[in-house]
Amino acid sequence: MASSAYGIDLGTCNIKIYEKGDQDVFCQKNIIAIENKDYLFAYGDDAFEMYEKAPANIHISYPLCNGVIADIKNMQILVKCFISDLCGGNVKPADYYIAVPTDVTEVEKRAFYDLIKNANVKAKKVMVVEKAIADGLGLDIDVKNSQGVLVVDVGYDTTEISILSLGGIVLSKLIKVGGQKFDDAIRNAVRKEYNLIIGGKTAEKVKISLAELEEKGEAAVVYGRDIVTGLPVEREIPTELVVDCLKEHFNTIIDNIKVILERTPPELAADIYRKGIYLTGGACQVSHLSQLLSNGTGLKVNVAEHPVESVAMGLAKIIKDDNYKSVAYSIAGMGNGGK
Ligand SMILES: Nc1ncnc2c1ncn2[C@@H]1O[C@H](COP(=O)(O)OP(=O)(O)OP(=O)(O)O)[C@@H](O)[C@H]1O
Ligand SMILES: [Mg+2]
């Protein structure tokens with residue numbers, strides 16, 4: 001039966017959607033622009049273009065915060081808009097597979113299910129998949145048969161560190177460190193050293209181009225506002241300053257991986273030692289992170305080929321292959337009256 005199905009990875013920064021039958025994963029910024037409190041002005045990548053530049057009557061926000069849904073109403077609007085765009089305006093009944101973080105409350109988990117049920121997207125069935133399991137599948141690990149797999153997903157607001165075994169999660173910890181914290185660290189360092197205020201997008205560009213700049217031996221050129229004169233200026237920021245200010249956050253990730261490893265049953269620890277860490281999530285690509293993780297834990301680090309999309313690619317596998325359907329579960333009927 002060729003029914004429709006979607007796999008959704010609702011990230012704090014990017015929403016990734018896999019549509020059954022497609023080759024690629026759809027990815028847009030998970031952000032909404034509302035004009036005069038109730039008119040949908042823009043969404044996704046278009047809204048992101050306006051971020052940090054919009055006038056006061058246009059409110060631009062991310063409906064997710066720290067990996068969980070903070071603004072249900074706007075998130076529902078976004079899901080409806082994106083699904084509608086994907087199917088050319090004609091939303092048909094479909095099954096939905098949604099990835100959720102493990103280390104959150106049951107109420108927060110249920111909010112993902114309710115979101116899809118109430119988003120007006122004709123959801124027939126809503127199945128939930130633990131994000132780390134989807135990550136594992138997206139990284140081509142046979143999660144149902146593998147034992148002792150350590151997956152670290154460094155996203156925008158959060159990093160999820162999980163130990164998987166035989167299709168389930170043994171341990172998982174969600175910490176509030178990710179790409180946004182890296183950007184903030186760069187902004188703070190530039191402000192402190194150069195009395196210069198730069199925007200979040202500028203800091204993100206520096207972070208993403210860091211490896212390339214280091215390779216070329218060039219400094220990062222940024223534009224911002226001088227705190228003393230209040231005037232717009234251009235400055236060169238040495239890459240050493242950027243690398244240095246990121247280390248504190250890298251160390252937080254390493255410390256938390258160690259905490260998880262300390263709690264891991266020894267037989268699983270042996271498997272992890274053999275296979276190493278699987279590192280994914282958009283922000284895992286920041287220069288030096290994988291190397292420092294390897295140095296800090298003594299483990300080999302396997303970096304994902306498509307880190308932003310690994311969860312959605314895992315959901316795609318579940319949708320395409322019935323063998324993996326058992327890792328998805330329903331939370332209908334649990335809690336307050338879902339169907
Ligand atoms: N090439 C790159 N180098 C460094 N960082 C990158 C690169 N590409 C993307 N990022 C960062 O990855 C982050 C987004 O990653 P991702 O899409 O995995 O997050 P998310 O899933 O939306 O967030 P979360 O999982 O925390 O809810 C952003 O902070 C972005 O700056
Ligand atoms: Mg993510």
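Start by selecting Lys-16: with 22 other C-beta atoms within 10 Å, this lysine is buried. The model on your screen is a predicted one, so every stop on this tour is a place in a prediction.

**Stop 1: around Lys-16**

Lys-16 belongs to strand S2. Now show its contacts. Leaving out residues up to four places away in sequence, Lys-16 touches Asp-9, Gly-11, Val-25, Phe-26, Cys-27, Val-308, Glu-309, Val-311 and Ala-312. Next, draw a distance line from Lys-16 to Gly-167. Those two residues are 151 places apart in sequence, and their C-alpha atoms are 22 Å apart in space.

**Stop 2: helix H10**

Two of the contacts you just saw, Val-311 and Ala-312, are also among the buried residues of helix H10. Select the whole helix, residues 310-320. Is H10 largely enclosed, or is it largely open? Nine of its eleven residues are buried, so the rest of the structure largely encloses H10. Colour the buried ones to see them: Ser-310, Val-311, Ala-312, Met-313, Gly-314, Leu-315, Ala-316, Ile-318 and Ile-319.

What covers these buried residues? The cover includes strands S1 (4-10), S2 (14-19), S9 (94-100), S10 and S17 (277-280), along with helix H4.

**Stop 3: where H4 crosses H10**

Keep H10 on display and add helix H4, residues 131-138. The axes of the two helices come within 6 Å and cross at roughly 85°. Angles of 65 to 115 degrees count as roughly perpendicular, and H4 and H10 are therefore roughly perpendicular to each other. On the H4 side, the contact is made by Lys-131, Ala-134, Asp-135, Gly-136, Leu-137 and Gly-138. On the H10 side, look for Ser-310, Val-311, Met-313, Gly-314, Leu-315, Lys-317 and Ile-318. Sorted by class, this contact has six nonpolar, four polar and three charged residues.

**Stop 4: the shell around ligand 1**

Now centre the view on ligand 1. Which residues come nearest to ligand 1? Of the 21 residues around it, the nearest are Gly-11, Cys-13, Gly-155, Gly-179 and Gly-282. You have met Gly-11 already, as one of the contacts of Lys-16. The elements giving two or more residues to this shell are helix H5 (179-194) and helix H6 (200-216). H6 gives the largest share, three residues. If you colour the shell by class, you will find six nonpolar, twelve polar and three charged residues.

**Stop 5: the domains**

Zoom out and colour the chain by domain. Domain 1 is residues 4-136 together with 310-327, domain 2 is 139-177 together with 247-303, and domain 3 is 179-244. How many ångströms separate the centres of domain 1 and domain 3? Taken over C-alpha atoms, the separation is 31 Å.

**Stop 6: two positive phi angles**

Select Asn-36, in the loop between strand S4 (32-35) and strand S5 (39-43). Its phi is near 45°, a positive value in a residue other than glycine. Is Asn-36 buried or exposed? Asn-36 has 9 other C-beta atoms within 10 Å and is exposed.

Then jump to Lys-122, in the loop between helix H3 (106-118) and strand S10 (123-130). Here phi is near 55°, again a positive value in a residue other than glycine. Lys-122 is exposed too, with 12 other C-beta atoms within 10 Å.

**Stop 7: three residues to finish**

Pick Ile-31, in the loop between strand S3 (26-29) and S4. With 26 C-beta neighbours inside 10 Å, Ile-31 counts as buried. Apart from neighbours within four places in sequence, Ile-31 is in contact with Gly-44, Ala-47, Phe-48, Tyr-51, Ile-60 and Tyr-62. From Ile-31 to Pro-63 the C-alpha distance is 6.8 Å, with their positions 32 residues apart in sequence.

Move on to Glu-106 in helix H3. This glutamate is exposed, with 10 other C-beta atoms within 10 Å. Although Glu-106 and Ile-331 are 225 residues apart along the chain, their C-alpha atoms are separated by 9.9 Å.

Last, select Cys-87, in the loop between helix H2 (72-86) and S9. Cys-87 is partly exposed, with 14 other C-beta atoms within 10 Å. Its C-alpha atom and that of Ile-175, 88 residues apart along the chain, are separated by 35 Å.

Methods: Residues numbered from 1 in each chain as written. Chains lettered and ligands numbered in written order. Predicted model: local features only at pLDDT ≥ 70, side-chain atom pairs only at ≥ 80, totals over all residues. Axes fitted to C-alpha atoms, helices over the stretch in contact; angles between N-to-C directions. Helix = DSSP H or I, 4+ residues; strand = E, 2+ residues; numbered from the N terminus. Parallel < 35°, antiparallel > 145°, perpendicular 65-115°, else oblique. Contact = placed C-beta atoms within 7 Å. Nonpolar A, V, L, I, M, F, W, Y, C, P; charged D, E, K, R; others polar. Near = placed C-beta within 6 Å. Domains from an automatic or database assignment. Buried ≥ 20, exposed ≤ 12 C-beta atoms within 10 Å, placed from the backbone.
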